[in-house]
Amino acid sequence: MVSGFPESEARLSWGRVHRARHRIARPSSPEAAMAALARRGELSVLPFGLGRSYGDSCLNPDGLLIATRGLDRLLAFDPARGILRAESGVSLADLLDTVVGRPAPDGGVWFLPVSPGTRFVTVGGAIANDVHGKNHERAGSFGRHVRAFGLLRSDGRILRCAPEENAELFAATIGGLGLTGLILEAELQLVSVPSLRLETEDIRFADLEGFYRLAAESKDWAYTVAWVDCLARGRALGRGVFSRARHLAGSRESVRPPGPPRLSIPLDPPYSPLNPLSLRLFNALLFHRLGPGGRRSAIRPYPAVFYPLDSIGAWNRLYGPRGFWQYQCVVPPDGAPRTIARLLETIAGSGEGSFLAVLKTMGDVPSPGLLSFPMAGTTLALDFPNRGAATLELLARLDRIVLEAGGRLYPAKDGRMPADVFRAGYPNWQRFADHVDPAFSSAFWRRVGNLDGRISPRRGTR
């Protein structure tokens with residue numbers, strides 16, 4: 001036992017490349033969280049929600065993780081204004097089960113203002129990573145809809161943070177990767193939508209120019225995203241399927257919250273079934289699935305639009321025992337088509353294709369956080385099976401293209417970003433560092449924030 005905590009346990013990040021041992025505290029109340037933080041001794045600390053961060057930003061090797069899922073109470077909901085107050089361990093799935101869909105005064109129903117591609121994210125995790133969704137061009141990031149939160153610092157203080165109160169700490173915590181303290185509870189603003197059913201269209205496009213044309217034509221659609229065939233080259237470079245959706249007006253048909261995954265991967269396969277041959281077949285099937293017309297319209301319930309991967313439990317195991325690297329970048333609008341083309345050409349030429357290749361334009365709605373990833377431009381997100389040095393060399397080549405364009409990488413998806421790449425993409429990093437709690441640390445922060453030796457691997461102190 002160390003400081004009253006059990007023997008260390010191994011934790012994997014979602015990409016399954018990074019594994020580290022930690023002491024783990026599992027508080028079931030704010031008081032228990034305060035007690036765990038007070039008895040940390042020499043251990044550095046990091047909050048841990050549902051573990052959906054792909055790289056090492058959710059790991060604190062040889063330190064203490066404060067698992068927040070026991071902080072799971074819905075504290076208050078104002079149905080007239082759509083204001084919700086909940087503890088930080090409440091998941092988006094919990095909110096979908098309990099609050100989303102309740103009537104709003106304007107005749108609509110309350111809905112999440114922003115949702116990432118999985119509902120298995122805690123409220124605290126959504127704030128700490130300032131997640132974004134398919135409606136970024138209109139709604140911005142999750143942090144824009146956070147009214148306030150209570151932040152527990154290692155000195156025992158609980159600070160109320162809001163745009164008008166402890167404003168700098170508020171900005172540092174949104175997108176701050178859990179390094180400024182432990183969020184105990186948060187107040188969120190929901191949005192009213194016409195219904196929980198959505199009008200959707202899937203449209204095949206032949207090249208990258210086709211993607212940008214559809215993005216420009218889809219301003220009346222709240223949610224847009226595209227799958228892109230990262231193996232296509234030449235005239236077909238950037239071909240894919242563009243998906244757009246908007247809430248259906250006038251529908252009073254109820255939509256049941258999504259249940260547990262219909263299928264789950266129970267064990268790690270000895271090798272990954274996701275290989276170059278299966279990738280080429282998968283991409284061909286996905287590109288041609290819309291038939292000769294290349295377009296399909298449908299009315300769908302919200303779980304099918306927002307959370308398709310949640311229907312497969314532990315899908316990350318499909319990448320085999322070596323795991324995978326997630327890579328997500330965003331590049332500014334000026335020159336974005338040229339930069340995205342260079343990225344796709346580099347990927348196609350490497351033979352290191354990605355099964356999940358997502359392309360999306362992002363809006364100019366500013367994010368409130370000092371380390372928030374979203375910015376105006378185009379974002380490309382990919383999953384690469386971990387093939388060792390060859391994969392890492394490819395990612396380093398992609399880094400150089402992104403940096404040259406003035407873009408950045410997403411820390412929540414990252415597990416190997418060099419410190420210089422991080423600092424170039426996040427010019428506010430030093431301002432952020434001033435608000436990092438002295439007792440809090442992570443593998444990510446020790447990797448990108450320790451160039452001057454101010455961060456101790458054990459205590460996280462500066």
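**Exercises on aromatic pairs and overall shape**

Phe422 and Trp445 are both buried. Keep in mind that this is a predicted model. Let's work through it together.

**Exercise 1.** Find out how the rings of Phe422 and Trp445 are arranged.

*Solution.* Start with the distance: the ring centres are 6.3 Å apart. Rings pair if their centres lie within 6.5 Å, so these two qualify. Next take the angle: the planes stand at 85°. Planes over 60 degrees apart count as edge-to-face, so that is the name for this pair. Finally, place the residues: Phe422 belongs to helix α11 (residues 419-425) and Trp445 to helix α13 (residues 443-448), so the pair ties together parts 23 residues apart in sequence.

**Exercise 2.** Look at the wider set of aromatic pairs, then classify Phe205 and Phe211.

*Solution.* A search of the whole structure gives 17 aromatic pairs. In the pair of Phe205 and Phe211, the ring centres are 6.0 Å apart and the planes meet at 50°, so the pair is tilted. Both Phe205 and Phe211 are buried. Elsewhere, one aromatic cluster is formed by Trp14, Tyr54, Trp315, Tyr319 and Phe324.

**Exercise 3.** Decide whether the radius of gyration of the protein chain agrees with that of a compact globule.

*Solution.* First, the expectation: for 462 residues, a compact globule would have a radius of gyration near 23 Å. Now compare: the protein chain has 21 Å, which agrees. Then add the burial: 58% of the 462 residues are buried. Last, check the contacts: among those between residues at least 6 apart in sequence, 74% join residues at least 24 apart.

Technical notes:
Residues are numbered from 1 along each chain as its sequence is written. This is a predicted model: local features need pLDDT of at least 70, side-chain atom pairs count only at pLDDT 80 or more; totals for chains, interfaces and linings use all residues. Side-chain values use heavy atoms; hydrogens and water are left out. The radius of gyration is taken over C-alpha atoms; the globule rule is 2.2 Å times the number of residues to the power 0.38. Buried means under 20% relative accessible area, exposed over 50%, partly exposed in between (1.4 Å probe, protein chains only). Contact means heavy atoms within 4.5 Å. Rings of Phe, Tyr and Trp (its six-membered ring) pair if their centres lie within 6.5 Å; planes under 30 degrees apart count as stacked, over 60 as edge-to-face and the rest as tilted. Helices (H or I, at least four residues) and strands (E, at least two) are DSSP runs, numbered from the N terminus.
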